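Me: I should like to go through this structure with you, one topic at a time. Could we begin once it is on the screen?

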Amino acid sequence: MSRILVVEDEERIASFVRKGLGANGFAVTVVTTGRDAVECALTGDFDLMVLDLGLPDEDGFGVLRRMRRLGATLPVIILTARDGVRDTVTGLEIGADDYMTKPFRFEELLARVRLRMRSERGAELTVLRAGELALDLRTRRATTGEGTIDLTAREFALLELLLRHPAQVLSRAQILSHVWGYDHDPGSNVVDVYIRALRRKIGDRRIETVRGMGYRLAG
């Protein structure tokens with residue numbers, strides 16, 4: 001199992017990222033200071049770091065510079081509220097592999113994490129399957145016995161989530177956090193709307209409703 005180090009001082013975002021990555025098969029450790037980030041990076045126990053710049057004891061750029069100077073080579077994705085071009089360029093020039101700004105969508109962060117992991121570890125599975133249903137992660141299209149189905153970005157993310165957890169009941173809250181992001185209104189009915197839309201495209205029986213709990217992909 002790939003291990004990811006999340007360096008984030010804001011508890012709500014740290015919890016959101018930890019739960020989301022954990023649900024997608026990653027082992028996640030969260031630290032809140034630059035000192036701990038550098039110490040963990042130097043152990044060689046982690047495969048990737050998600051790094052916030054606004055840390056309580058040290059600026060994230062300083063953390064990244066020290067890591068690289070001391071020989072830590074793990075990929076780093078900066079995740080920060082700083083959206084200026086100068087900050088982006090600085091981060092990439094001193095050794096970051098990617099740069100994302102807040103607010104963000106979890107599906108985008110997950111895609112970037114997977115991209116970096118593939119770069120380090122080789123090719124990843126690119127087609128998810130459940131019976132006759134298949135989802136191609138490269139073309140972003142689904143296929144069934146009846147042919148090819150075009151999906152919107154949200155439908156694609158929702159179907160990918162269901163396919164990656166075929167035996168798991170996913171609550172509306174879990175689906176919201178994974179597909180729409182940590183800042184989405186938890187009282188929204190958007191999940192139910194998209195489930196209905198997805199059922200119309202892939203077939204009603206392929207997504208089961210578990211009353212009082214959520215949804216899961218039919219076996």
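Reply: What follows is a short exchange on helix packing, the nonpolar cores and one loop residue in this predicted model.

Me: At what angle do helix H6 and helix H8 pack, and how far apart are their axes?
Reply: Helix H6 (residues 153-164) packs against helix H8 (residues 190-202) at an angle of about 80°, and the axes are 10 Å apart. That angle makes H6 roughly perpendicular to H8.

Me: Which residues meet there?
Reply: H6 contributes Arg154, Glu155, Leu158, Leu159 and Leu162. From H8 come Tyr194, Ile195, Ala197, Leu198, Lys201 and Ile202.

Me: And how does the contact of H6 with H8 divide by class?
Reply: The contact of H6 with H8 has eight nonpolar and three charged residues, with no polar ones.

Me: Moving to the interior, how many residues are in the largest nonpolar core?
Reply: The largest nonpolar core has 27 residues. Those with the most contacts inside this core are Leu135, Leu151, Leu159, Ile175, Val191, Leu198 and Ile207.

Me: Which elements give two or more residues to this core?
Reply: They are strand E7 (133-136), H6, H7, H8 and strand E11 (214-217). H6 gives the most, with seven residues.

Me: What does Leu135 touch?
Reply: Leaving aside residues up to four places away in sequence, Leu135 touches Thr126, Val127, Leu128, Arg141, Ala142, Leu151, Phe156, Leu159, Glu160 and Leu163. Apart from this core lies another, of 23 residues, and among them are Val31, Cys40, Leu51 and Tyr99.

Me: Which residues of H7 are buried?
Reply: In helix H7 (residues 172-180), the buried residues are Ile175, Leu176, Ser177, His178, Val179 and Trp180. Just after H7, Gly181 takes a positive phi of about 105°.

Me: A change of topic: where is Asn24?
Reply: Asn24 lies in the loop between helix H1 (11-23) and strand E2 (27-31).

Me: Is Asn24 buried or exposed?
Reply: Asn24 has a relative accessible area of 14%, so this residue counts as buried, the cut-off being under 20%.

Me: What does the side chain of Asn24 reach?
Reply: The side chain of Asn24 reaches the backbone oxygen of Gly20 at 2.9 Å. The side chain of Asn24 also makes a polar contact with the side chain of Arg114, at 3.1 Å.

Me: And which residues does Asn24 touch, not counting those up to four places away in sequence?
Reply: On that basis, Asn24 touches Phe106, Leu110, Arg114, Arg164, His165 and His178. Of these, His178 is one of the buried residues in H7.

Conventions:
Residues are numbered from 1 along each chain as its sequence is written. This is a predicted model: local features need pLDDT of at least 70, side-chain atom pairs count only at pLDDT 80 or more; totals for chains, interfaces and linings use all residues. Side-chain values use heavy atoms; hydrogens and water are left out. Buried means under 20% relative accessible area, exposed over 50%, partly exposed in between (1.4 Å probe, protein chains only). Helices (H or I, at least four residues) and strands (E, at least two) are DSSP runs, numbered from the N terminus. Axes are lines fitted to C-alpha atoms, for helices over the stretch in contact, and angles run from 0 to 180 degrees between N-to-C directions. Angles under 35 degrees count as roughly parallel, over 145 as roughly antiparallel, 65 to 115 as roughly perpendicular and the rest as oblique. Contact means heavy atoms within 4.5 Å. Ala, Val, Leu, Ile, Met, Phe, Trp, Tyr, Cys and Pro count as nonpolar, Asp, Glu, Lys and Arg as charged, and the others, Gly among them, as polar. A nonpolar core is a set of buried Ala, Val, Leu, Ile, Met, Phe, Trp, Tyr and Cys residues joined through side-chain atoms within 4.5 Å. A polar contact is a pair of N or O atoms within 3.5 Å; within protein, one must be able to donate a hydrogen and the other to accept it, and residues adjacent in sequence count only if both atoms are side-chain atoms.
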